[in-house]
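Here are some exercises to work through with the model open on your screen. Try each task before you read its solution.

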Amino acid sequence: MATLLPPPSKRQKTEIAEKARLQQEIESIPSDLGSIRVQFFDQATGSATGPAVSVPVGDATVKNLETLLNTLQGNDDDERVPYRFTYQSDNKDKDGQTIDILADLYHSLLKPGLKTTEDTVHLYFTPQAVFRVKAVSRCSASIAGHGEAILATSFSPINSSTMVTGSGDSTARIWDCDTGTPLHTLKGHTSWVLAVSYSPNGLMIATGSMDNTVRIWDAKTGQALGAPLKGHSKWITSLAWEPYHLQQSGHPRLASASKDSTVRIWDVISKRADIVLSGHKGSVNCVRWGGTGKIYTSSHDRSIKVWNSQTGTLIQTLSAHAHRVNHLALSTDFVLRTAYHDHTGKIPESDSEKVAAAKKRFEQAATINNKIVEKLVSASDDFTMYLWDPESSSKPVARLLGHQKEVNHVTFSPDMAYIASAGFDNHVKLWNGRDGKFITTLRGHVGAVYQCCFSADSRLLVSSSKDTTLKVWNVRTGKLSMDLPGHKDEVFAVDWSPDGQKVGSGGKDKAVRIWRN
Amino acid sequence: MPQNEYIERWTKQHGKRLDHDERVRKREAREAHKQSKDAQNLRGLRAKLYQQKRHAEKIQMRKRIKAQEEKNVKSSAPSEPSKTPLPQYLLDRSQATNAKALSSAIKDKRTEKAAKFAVPLPKVKGISEEEMFKVVNTGKKTHKKSWKRMITKPTFVGNDFTRRPVKYERFIRPMGLRYKKANVTHPEMAVTVQLPILSVKKNPQNPLYTQLGVLTKGTVIEVNVSELGIVTSGGKVAWGKYAQVTNTPENDGCVNAVLLV
């Protein structure tokens with residue numbers, strides 16, 4: 001039997017402890033490793049930017065790689081873009097393994113032995129937003145006012161200072177989020193307000209209700225703009241405004257989906273139903289108006305239909321789901337919602353400039369490989385999601401498997417790199433927005449997760465749940481960034497303001513809460 | 001390990017016999033043959049008892065089959081939208097609302113301050129020590145001093161309890177009178193759920209009884225409510241809640257309790 005070393009004496013132990021306390025082990029990159037060959041790929045398209053370049057391992061930090069890539073891309077000094085680098089293992093038996101390069105190549109890839117300096121490393125890059133949203137951390141206001149549960153909420157696309165909520169007390173209210181006070185009460189509906197939506201220019205609010213009508217309100221004054229839009233025979237489930245750059249000037253249109261299995265397109269000014277899209281056999285529970293003039297609807301009859309918004313004809317039927325389709329998200333949702341309002345806060349002067357700005361923003365966001373691509377993701381009761389590219393094919397791009405219960409809500413990140421899905425299995429899951437590959441599961445909620453919303457810079461995600469909390473997640477690390485308890489009951493609705501300043505939430509405890517950093 | 005679970009421990013340590021599943025399957029398969037043999041061959045009182053038992057079993061079986069059939073029938077009536085406002089995405093879903101209603105009712109109640117310290121049974125009849133304890137006087141020494149007691153009431157004994165050596169064991173809590181579960185009712189929702197008991201919080205009779213875990217009428221017990229999905233204000237799953245025993249378990253053979261809200 002080999003001799004056993006005696007356990008360290010007390011003196012030895014204290015010495016080791018002392019040493020450890022005094023000097024933290026510095027993580028340094030050995031200087032004798034030579035260089036490594038790196039090839040950059042665009043995450044959005046999957047194509048290489050050029051041939052592999054040789055980089056000294058000692059200098060292969062994210063900062064330096066960013067500079068290198070900016071140079072390779074030919075970006076000017078004043079328009080440098082921050083990038084995020086990921087490594088996807090090409091090993092087929094361990095597919096789906098994606099590694100985020102956190103600080104440098106050595107510690108992420110070489111030290112764990114995933115790659116050697118002999119190999120060529122394929123790095124996928126995603127451009128990041130040039131601005132940064134801080135995680136909300138505290139409740140700045142809890143405003144009572146609604147007499148019943150809050151069912152829907154939406155921030156104004158202009159900035160974070162106004163928000164509208166729809167409630168079970170058959171009113172909608174506009175809130176001043178800077179001071180935490182109510183601005184206007186929108187009275188008129190005779191039953192629960194199920195859907196609220198700001199128009200892309202932020203001047204009008206549409207509300208859909210259990211009483212089968214849609215009403216339009218002036219967002220500034222809170223006055224009703226004319227009579228209610230009547231026509232549906234059952235309650236309204238979802239609303240979608242025509243994207244700003246497609247609107248005929250002065251004639252914005254609105255699509256409303258209803259339980260009566262139709263979608264109506266209204267001319268908001270003349271209060272007439274322009275077109276009725278009938279074709280679904282079950283309750284339509286989500287409608288989205290795409291930036292290329294298509295309307296996407298999902299229904300309880302398991303299908304997703306794509307319509308032409310001008311003529312109202314059916315273009316495509318996407319059927320793959322095995323159960324009712326709960327929710328749809330477009331990759332361009334965020335730009336369409338905010339139209340010409342960008343992070344700089346500059347608003348163009350004239351109407352034509354506004355349209356041009358909105359169009360430019362949309363095209364910039366949606367263009368992949370010189371082609372406008374609008375991806376669609378659908379969440380369903382069959383526990384799966386599908387990623388579609390309706391323009392190119394009626395077959396799904398990918399099937400997103402992993403949830404263990406119904407998937408209730410799905411959303412694209414503003415930069416289109418991620419998809420987040422919230423399910424009744426208490427988890428939020430993150431997926432790659434390009435190919436639908438699973439990235440990570442965000443665990444922490446102890447009740448069904450109802451809704452989730454990305455911050456404008458796509459670095460954070462907030463989710464609302466039955467367990468009375470909101471949770472803010474760091475998308476990059478997949479970790480909980482902030483836990484926000486405070487609501488006294490289920491949180492039904494959550495929204496992150498387009499400028500990233502505030503988060504608004506409401507639920508069964510009848511109080512609207514505004515969260516900020 | 002609880003003292004009496006030696007079989008479970010053995011299975012954990014050594015696993016099951018290799019032919020365990022087969023033996024179980026065969027035993028089940030033989031069951032019908034055994035029943036028919038008994039039904040034909042038993043005579044006299046044993047036959048009578050057997051038929052009684054079989055009769056009760058058959059009633060249960062028929063009930064179960066009927067319930068199963070009813071479950072499979074699709075109801076054609078459109079689901080009425082609920083009274084409480086719900087967001088669009090929850091409207092057409094049938095939900096198990098019982099436990100949830102329970103939790104929110106509890107929360108509503110808690111905001112009323114006066115209700116905080118009130119219990120449903122504020123007063124109980126006293127129980128004398130003579131009634132509670134039986135003197136054990138087996139053996140010469142024990143008989144001489146008569147220091148050993150047997151508790152004559154139902155008790156709750158924690159999972160990790162191990163009996164002390166006989167010489168030091170002053171109180172005996174009989175196995176047959178131990179309870180692990182209570183039928184807990186929510187007073188307003190009229191929902192009754194069987195929940196595991198976690199501990200005895202207070203026996204109004206005597207602090208000693210609290211220590212011994214005696215379950216009498218009016219005893220406040222802590223029950224495990226984790227499966228009800230009640231959430232604390234911090235967003236964690238609540239699992240212990242207090243309840244008060246409302247029946248006399250020593251007479252009824254079960255523990256009924258009402259949740260303190």
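**Exercise 1. Find which residues L194(A) touches, and where L194(A) ranks in the largest nonpolar core.**

Step 1: leaving out residues up to four places away in sequence, L194(A) touches L151(A), A152(A), G166(A), G208(A), S209(A), M210(A), W235(A), I236(A), T237(A), P87(B) and Q88(B). Touching here is contact: two C-beta atoms, placed from the backbone, within 7 Å.

Step 2: the largest nonpolar core has 104 residues, and L151(A), L194(A) and V462(A) touch the most other members. Such a core is a set of buried Ala, Val, Leu, Ile, Met, Phe, Trp, Tyr and Cys residues joined through C-beta atoms within 7 Å; buried is 20 or more other C-beta atoms within 10 Å of a residue's own, exposed is 12 or fewer, and partly exposed is in between.

Step 3: another core of 21 residues lies apart from that one, with A182(B), I197(B), L215(B) and I221(B) among its members.

A word on the ground rules: this is a predicted model, where local features need pLDDT of at least 70 and side-chain atom pairs count only at pLDDT 80 or more, while totals for chains, interfaces and linings use all residues. Residues are numbered from 1 along each chain as its sequence is written, with chains lettered from A and ligands numbered from 1 in the order in which they are written.

**Exercise 2. Work out the strand order of the sheet that holds β11(A).**

Step 1: the order is β11-β12-β13 in chain A, an open, antiparallel sheet of 3 strands. Strands are DSSP runs of E, at least two residues, numbered from the N terminus, and two of them pair if DSSP finds at least two bridges between them.

Step 2: β11 (193-198) and β13 (214-218) of chain A are the edge strands, each pairing on one side only.

Step 3: β11(A) meets β12(A), residues 204-209, over 5 bridges, and V196(A) sits opposite T207(A).

**Exercise 3. Explain why β14(A) and β17(A) each have a side without a neighbour in their sheet.**

Step 1: the open sheet runs β14-β15-β16-β17 in chain A, with antiparallel pairing.

Step 2: β14 (236-241) and β17 (272-278) of chain A stand at the edges with a single partner strand each, so one side of each has no neighbour in the sheet.

Step 3: β14(A) pairs with β15(A), residues 253-258, over 5 bridges; W241(A) has L254(A) as its bridge partner there.

**Exercise 4. Count the residues in contact between chains A and B.**

Step 1: 25 residues of chain A contact 15 residues of chain B.

Step 2: on the chain A side, β7 (150-155), β11, β14 and β36 (491-496) give two or more residues each.

Definitions and conventions:
Helix = DSSP H or I, 4+ residues; strand = E, 2+ residues; numbered from the N terminus.
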